[in-house]
Structures are given as structure tokens and as C-alpha cells.
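Open your viewer and get ready to click along. We will go from the whole chain to single side chains, one selection at a time.

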Amino acid sequence: MKRNPKGSPVWDDVIAGMDSLIEALNTDEPLEKRFTVRTVKLDVDPHAYSPADVKAVRTKLGASQPLLAKFLGVSLQTLRSWEQGQRPVPTMAARYLDDLQEFPELWTRRIQIVKK
């Protein structure tokens with residue numbers, strides 16, 4: 001790889017690391033022998049919310065349908081359709097509902113802004 005013409009020590013470290021990676025890839029050497037390799041597992045699948053689940057979250061938060069709809073950024077009709085089982089809760093909304101249940105301070109901290 002090209003060296004940095006300004007001679008930045010950080011850049012030189014990046015280049016040296018890339019050179020080392022290229023060398024390891026060209027020799028078919030297992031990367032674990034030369035580098036720290038980490039595997040990260042994420043649990044990103046949200047809960048599948050039934051109509052009763054949506055209503056239970058709303059009740060737990062002590063919110064009316066209009067207030068929770070405004071808080072989530074959806075129309076009142078959308079929230080009602082979730083609670084009546086006419087439409088499934090989208091993945092992004094389900095993730096947010098999961099967060100509200102796990103971290104209720106999200107609700108209490110932001111509700112003052114929503115009520116204004």
C-alpha cells in the first residue's frame with residue numbers, strides 16, 4: 001500500500017494493519033492466528049405484537065390511544081387497527097414498543113414533550 005506523504009503516525013498504523021491483513025489473506029492463514037476476531041450476536045427480532053399486547057403496553061404506560069399514536073408517530077387509525085387486529089404491527093414499531101416496555105423511562109422522559 002502507499003505510504004502517507006505527510007508521514008502521519010496514525011495513517012502509517014492503518015497502512016501497516018492493512019498490509020498485514022493483505023498478507024494473511026494471500027497466504028490463506030486463518031485470521032484468528034494474527035488478529036483478534038470477534039463474533040457479535042444480536043437479538044434484533046422484535047416481539048410479535050398481538051392486538052392485546054399493543055393494548056397492554058398502552059395500558060401499562062397509562063396512555064390514551066391518541067397520545068400513544070402521537071408518541072409513536074402514527075395516526076390514531078393506525079394504532080386502533082393494531083389494537084383491533086386489522087393490521088399487524090410493523091417491525092420498526094414493534095422494536096419501539098419493546099424498548100418502551102424494557103426502558104419505560106423513554107416514555108416518562110419524552111411524554112412531557114409530546115403533551116405540549
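Before the first click, one term: a residue counts as buried when its relative accessible area is under 20%, as exposed when it is over 50%, and as partly exposed in between. Keep in mind too that this is a predicted model.

**Stop 1: the whole chain**

Show everything as a cartoon. What kinds of elements can you find, helices or strands? The chain has 7 helices and 0 strands, so from the N terminus on the order reads α-α-α-α-α-α-α. Of the 116 residues, 25% count as buried. Now switch on the surface: the chain exposes about 8,600 Å², and carbon and sulfur atoms supply 55% of that. Contacts also reach across the sequence, as residues 24 or more positions apart make up 45% of the contacts with a separation of 6 or more.

**Stop 2: helix α1**

Select residues 9-26, which form helix α1. How far apart are its end C-alpha atoms? They are 26 Å apart, and because 18 residues at 1.5 Å a residue should span 26 Å, the model agrees with the expected span. The expected span is 1.5 Å times one less than the number of residues.

Within α1, pick glycine 17. Its relative accessibility is 33%, so glycine 17 counts as partly exposed. Add phenylalanine 35 to the selection: the C-alpha atoms of these two residues are 9.8 Å apart, with their positions 18 residues apart along the chain. Then go just past the end of α1 to aspartate 28, which takes a positive phi of about 60°.

**Stop 3: the nonpolar core**

In soluble globular proteins, nonpolar side chains tend to be buried together. To look at such a group here, select Leu72, Val89, Leu100 and Trp107: these have the most contacts inside the largest nonpolar core, a set of 20 residues. Color the helices that give two or more residues to this core: α3 (51-61), α4 (65-72), α5 (76-83), α6 (91-102) and α7 (105-115). Which helix gives the largest share? That is α4, with 5 residues.

**Stop 4: leucine 61 and tryptophan 107**

Select leucine 61, found in helix α3. Leucine 61 has a relative accessible area of 14%, so this residue is buried. Apart from residues up to four places away in sequence, leucine 61 touches Leu68, Leu100 and Trp107. Measure from leucine 61 to tryptophan 107 in your viewer: they are 46 residues apart in sequence, but their C-alpha atoms are 7.6 Å apart in space.

Now make tryptophan 107 the centre of your view. Which residues does tryptophan 107 contact, leaving aside neighbours within four places in sequence? They are Leu61, Ala63, Leu67, Leu68, Phe71 and Leu100.

**Stop 5: the aromatic rings**

Keep tryptophan 107 on screen and add two more rings: ring pairs link Phe71, Tyr96 and Trp107 into a cluster. The count of aromatic pairs comes to 2. One of them, phenylalanine 71 with tyrosine 96, is stacked, at 6.0 Å centre to centre and with 25° between the planes. This pair links distant parts of the chain, since phenylalanine 71 sits in helix α4 and tyrosine 96 in helix α6, 25 residues apart.

Are the two partners buried or partly exposed? Phenylalanine 71 is at 11% relative accessibility and therefore counts as buried, whereas tyrosine 96, at 24%, is partly exposed.

**Stop 6: polar contacts**

Stay in helix α4 and select glutamine 65. With a relative accessible area of 18%, glutamine 65 is buried. Show its side-chain partners: a polar contact of 2.9 Å joins glutamine 65 to the side chain of arginine 80, and another, of 2.7 Å, goes to the side chain of glutamate 83. Beyond the neighbours within four places in sequence, glutamine 65 is in contact with Arg58, Leu76, Leu79, Arg80 and Glu83.

For the last click, go to threonine 78 in helix α5. Why does threonine 78 count as buried? Its relative accessibility is 13%, and the cut-off for buried is under 20%. The side chain of threonine 78 makes a polar contact of 2.8 Å with the side chain of serine 75.

Terms used: Residues numbered from 1 in each chain as written. Predicted model: local features only at pLDDT ≥ 70, side-chain atom pairs only at ≥ 80, totals over all residues. Heavy atoms only, no water. Helix = DSSP H or I, 4+ residues; strand = E, 2+ residues; numbered from the N terminus. Core = buried A, V, L, I, M, F, W, Y, C linked by side-chain atoms within 4.5 Å. Buried < 20%, exposed > 50% of the residue type's maximum accessible area, 1.4 Å probe, protein only. Contact = heavy atoms within 4.5 Å. Areas by Shrake-Rupley, 256 points an atom, 1.4 Å probe, with all protein chains shown as cover. Phe/Tyr/Trp six-rings, centres within 6.5 Å; stacked < 30°, edge-to-face > 60°. Polar contact = N/O pair within 3.5 Å; in protein donor to acceptor, adjacent residues only side chain to side chain.
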